[in-house]
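Got the viewer open and a selection box ready? Let's take a walk through this structure, one stop at a time.

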Amino acid sequence: MIRQYELVEAVKTYDPQADEDILNRAYIFAMKIHGTQARASGDPYFTHPLEVAGILVGMRLDVATIVTALLHDTVEDTAVTLEEIESLFGKEIAVLVDGVTKLSQIEFQSDKTKQAENFRKLLLAMSSDIRVLLIKLADRLHNMRTLQFIEPESKRLRIAQETMEIYAPLAERIGLHAVKDELQNIAFSHIHPEACHSIFTRLKFLREQGINLLTPIIQELHQILEENGIKVFISGREKHPYSIWRKMQQKNIPFEHLSDIMAFRIIVETIPDCYRALGVIHSTYPVVPGRFKDYISTPKQNNYRSIHTSVIGPNQHRIEIQIRTKEMDEIAELGVAAHWQYKQGVSHEGHQYRWLRSLLDILEHAEGPEEFLEHTKLEMFQDQVFCFTPKGDLIPLPNGATAIDFAYAVHSNIGDHCTSVRINGRMMPLRTVLENGDQVEIITSKTQHPSPTWERFVITGKARACIRKFVRQQMYQEFVETGKTLAKKALDHEHLELKEKKFNKAMEAFGVKTVDDVYAYLGEGLKTPTELIRILYPDHKATTRVRKPQEKTEPLRKKQEEVHVITGLLPGMPIHLAGCCHPIPGDLIVGIVNTGKDVTIHTSGCKTLERFMNSPKRWVDVNWNEELQNRKQHSARIALVVDHHLGSMADITTLIARQNTPILDVKFNNKTPEFYEISIELDVNNLEQLKNIIAVLRMSPYVISVERK
Ligand code: MN
């Protein structure tokens with residue numbers, strides 16, 4: 001526990017003029033007021049606000065922030081009122097405490113809609129003063145550090161998930177990288193305890209094998225840069241378990257690659273030095289293509305600046321290197337907190353909050369809280385890909401964007417009419433995820449319109465909003481047409497005239513604005529034609545009962561979609577999953593129409609597709625039926641190379657069994673004194689499950705490689 005004078009001293013190291021008195025008073029006040037309250041860990045409650053204050057002191061934040069941290073739980077958890085806080089500590093502190101209290105009240109909700117609504121409030125609250133968010137993140141960080149004391153497990157898991165989905169991305173967005181890393185790692189250790197444990201075991205094993213080469217590599221880098229007259233500070237570190245896990249899931253690379261577990265950072269004095277250091281590195285070692293990124297000339301949205309590159313470095317080890325100045329480094333670690341101290345006094349609505357404004361933009365245009373959460377959550381995962389139009393125009397998109405996103409980014413008209421896409425000259429499905437440097441040619445047709453299923457393959461807010469708008473409009477048009485038919489039939493039946501001029505009364509009665517709205521109400525079944533007649537002709541006596549509109553509209557509302565594992569095809573069209581690539585739900589897929597009019601489903605990366613490159617007419621847009629995808633089992637095959645070692649097979653089958661996955665078949669393809677080559681057939685629900693299994697297997701010390709077959 002930090003003591004009172006230590007806290008004050010720490011603040012004074014970066015703010016010599018700090019108001020000691022208010023810090024001391026807040027410390028004593030909070031300690032007294034929390035009294036004998038205890039944390040789940042058994043510690044006195046006061047340790048919590050004190051630790052939170054300590055975290056913020058580490059970010060060198062102003063006195064008001066530190067005082068608020070000390071007081072942040074008083075209004076929520078004790079009898080203290082906001083008025084008391086204001087009279088004792090002033091208006092500024094009271095406003096901050098109030099902000100944090102409000103944020104704290106909106107957690108502990110599991111229902112999705114509520115979570116979204118809370119998230120909206122959270123963003124709004126933080127937009128009033130970014131310090132509220134910094135305190136909230138420090139609060140969450142300390143709560144995560146002590147999460148192991150929380151019971152029951154379900155509550156721990158919920159908190160860990162929430163941290164992973166909302167708080168870590170928020171921390172990342174405002175550039176608090178160190179906080180983001182820690183939040184993710186703790187959350188990861190609770191969500192996937194076994195995987196986390198395996199990573200630690202593996203890292204320990206590698207270290208024992210003498211694979212920790214940090215020091216010699218740092219020394220060599222240091223030497224070559226000094227020889228070239230550049231003053232540098234170099235640090236190397238092991239990557240975090242969570243980022244290793246992410247990599248193992250995403251890429252087929254053995255754990256041993258140094259670049260997967262270690263990263264090096266070169267800190268120089270000036271920006272020209274950054275480029276000089278880069279030049280020296282690139283001319284000394286072979287460069288790994290495709291890994292160079294210059295965030296100095298093009299900073300990330302959150303103002304992150306640095307140069308990234310990968311080289312085949314000392315002793316043929318592939319290493320990742322970041323080059324930046326000291327100031328850039330501080331901003332990279334502390335993000336908004338660093339800006340905050342550089343720009344104290346400046347309005348909090350400065351440039352660095354541009355992203356926040358774009359969030360608020362979406363917030364205003366989104367239909368409901370859930371839709372909003374969807375947009376933001378996706379847009380929060382930063383990092384961009386840059387793609388080109390055939391003319392060479394650069395289109396920046398968020399990572400994970402598809403060709404449909406691209407089409408909408410170019411122009412909403414192109415998005416609304418796109419039929420297919422050529423990526424780097426090859427025909428590809430519209431939902432293909434784009435990669436950096438792709439040249440994308442969108443093929444359009446006037447008769448093509450957005451399909452509601454597209455929504456699942458876009459990640460930009462713009463594309464999503466356009467598709468929704470179109471679908472809404474289209475449904476509205478259908479309702480209007482149906483409504484017209486219904487009204488005409490009913491009036492004909494009563495031998496009455498349909499006079500739209502008379503509709504004013506109906507508009508008023510239905511509470512709508514246009515004649516079409518009246519029809520749409522009928523078409524959707526919200527009002528009946530009988531009601532319309534009663535309004536238009538109040539004196540008329542109905543001859544017979546008019547048919548209920550529900551019967552009419554039913555077929556419209558219930559789109560007849562066959563319960564099929566694949567969607568996007570005409571009902572009754574026979575399908576089969578290709579034997580060459582064994583697609584499973586989660587794979588990006590395309591359908592190829594065969595001469596017998598049946599459809600074969602391939603993964604989009606399947607080699608067989610090359611045969612159909614010149615017949616785009618046979619390609620159909622298909623997708624997995626998401627409702628079914630977790631209920632149906634699919635066979636998937638993996639190929640492994642395993643150490644020929646007693647117990648290695650038992651280890652592998654145990655790892656697979658722990659993932660609750662049945663093994664259908666095991667084949668030994670080749671045995672040598674050193675290793676086995678085996679293929680395993682598994683029964684999985686979807687791609688994610690398969691990826692998890694592959695990632696877990698890659699961590700086994702016996703496994704040399706795992707590939708999906
Ligand atoms: Mn707290």
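Below is a list of stops, each with something to select and a note on what you'll find there.

**Before you start: the whole chain**

Keep in mind that this is a predicted model. Show the protein chain as a cartoon and you'll be looking at 29 helices and 20 strands. The chain has 709 residues, and 50% of them count as buried. Take the contacts between residues at least 6 apart in sequence: 66% of those join residues at least 24 apart.

**Stop 1: the manganese ion**

Select the manganese ion and show the side chains around it. Which residues are its protein donors? They are His 48 and His 72, each through NE2, plus Asp 73 and Asp 139, each through OD. These donors sit 2.2 to 2.4 Å from the ion. Along the sequence, the donor residues follow the spacing H-x23-H-D-x65-D. Now color helix H3 (residues 47-58) and helix H9 (residues 130-145): His 48 belongs to H3 and Asp 139 to H9, so this pair ties together parts that are 91 residues apart in sequence. Are His 48 and Asp 139 buried or exposed? Both are buried.

**Stop 2: a residue on helix H10**

Next, select Gln 161, which you'll find in helix H10 (residues 153-173). Gln 161 is partly exposed, with a relative accessible area of 34%. Add Ala 187 to the selection and draw a line from C-alpha to C-alpha. The two are 26 residues apart in sequence, and the line comes to 6.9 Å.

**Stop 3: strand E4 and its partners**

Jump to strand E4, residues 307-312. Five of its six residues are buried, so the strand is mostly covered. Strand E3 (residues 293-294) pairs with E4 in the antiparallel sense over two bridges, and Asp 294 stands opposite Ile 307 there. Strand E5 (residues 318-325) also runs antiparallel to E4, joined to it by six bridges. Which residue in E5 is the bridge partner of Ile 307? That's Ile 323.

Follow the chain from E4 to E5 and you trace a hairpin with five residues between the strands. Pick out Asn 315 in this hairpin, since its backbone takes a positive phi near 55 degrees.

While you're here, select Gln 322, which has its place in strand E5. Gln 322 is buried: its relative accessible area is 15%, and the cut-off for buried is under 20%. What does Gln 322 touch, leaving aside residues up to four places away in sequence? The list is Phe 264, Arg 265, Ile 266, Tyr 304, Ser 306, Ile 307 and His 308. Ile 307, the bridge partner of Ile 323, turns up in that list too.

**Stop 4: a three-stranded sheet with a helix across it**

Now find the open sheet of three strands, ordered E9-E8-E10 with antiparallel pairing. Strand E9 (426-428) and strand E10 (440-444) are the edge strands, each pairing on one side only. From one strand to the next, the twist averages 35 degrees. Zoom in on strand E8 (residues 418-423), which pairs with E10 over five bridges in the antiparallel sense. Label Ser 420 and you'll see Ile 443 of E10 opposite. Then switch on helix H21 (residues 403-410), which lies across E8 and E10 and runs at about 80 degrees to E10.

**Stop 5: a four-stranded sheet**

Move along to another open sheet, made of four strands in the order E12-E14-E13-E15, with mixed pairing. Strand E12 (575-577) and strand E15 (619-620) stand at the edges with a single partner strand each, so one side of each has no neighbour in the sheet. Select strand E13 (residues 589-593) and strand E14 (residues 599-603) together: they pair antiparallel over five bridges. For Ile 589, the bridge partner in E14 is Thr 603.

**Last stop: helix H29**

Finish with helix H29, residues 687-698. At 1.5 Å a residue, its twelve residues should span 16 Å, and the end C-alpha atoms are indeed 16 Å apart. Ten of the twelve residues are buried, so H29 is largely enclosed by the rest of the structure. Among the buried ones are Leu 687, Leu 690, Ile 694 and Arg 698. Finally, look at the N-terminal end of H29, where Asn 686 acts as a cap. A side-chain oxygen of Asn 686 lies 3.3 Å from the backbone nitrogen of Glu 688.

Conventions:
Residues are numbered from 1 along each chain as its sequence is written. This is a predicted model: local features need pLDDT of at least 70, side-chain atom pairs count only at pLDDT 80 or more; totals for chains, interfaces and linings use all residues. Side-chain values use heavy atoms; hydrogens and water are left out. Donors are N, O and S atoms within 2.8 Å of the metal (3.2 Å for Na, K and Ca); water is not among the atoms, so sites may look incomplete. Buried means under 20% relative accessible area, exposed over 50%, partly exposed in between (1.4 Å probe, protein chains only). Two strands pair if DSSP finds at least two bridges between them. Axes are lines fitted to C-alpha atoms, for helices over the stretch in contact, and angles run from 0 to 180 degrees between N-to-C directions. Contact means heavy atoms within 4.5 Å. The expected span of a helix is 1.5 Å times one less than its number of residues. A polar contact is a pair of N or O atoms within 3.5 Å; within protein, one must be able to donate a hydrogen and the other to accept it, and residues adjacent in sequence count only if both atoms are side-chain atoms.
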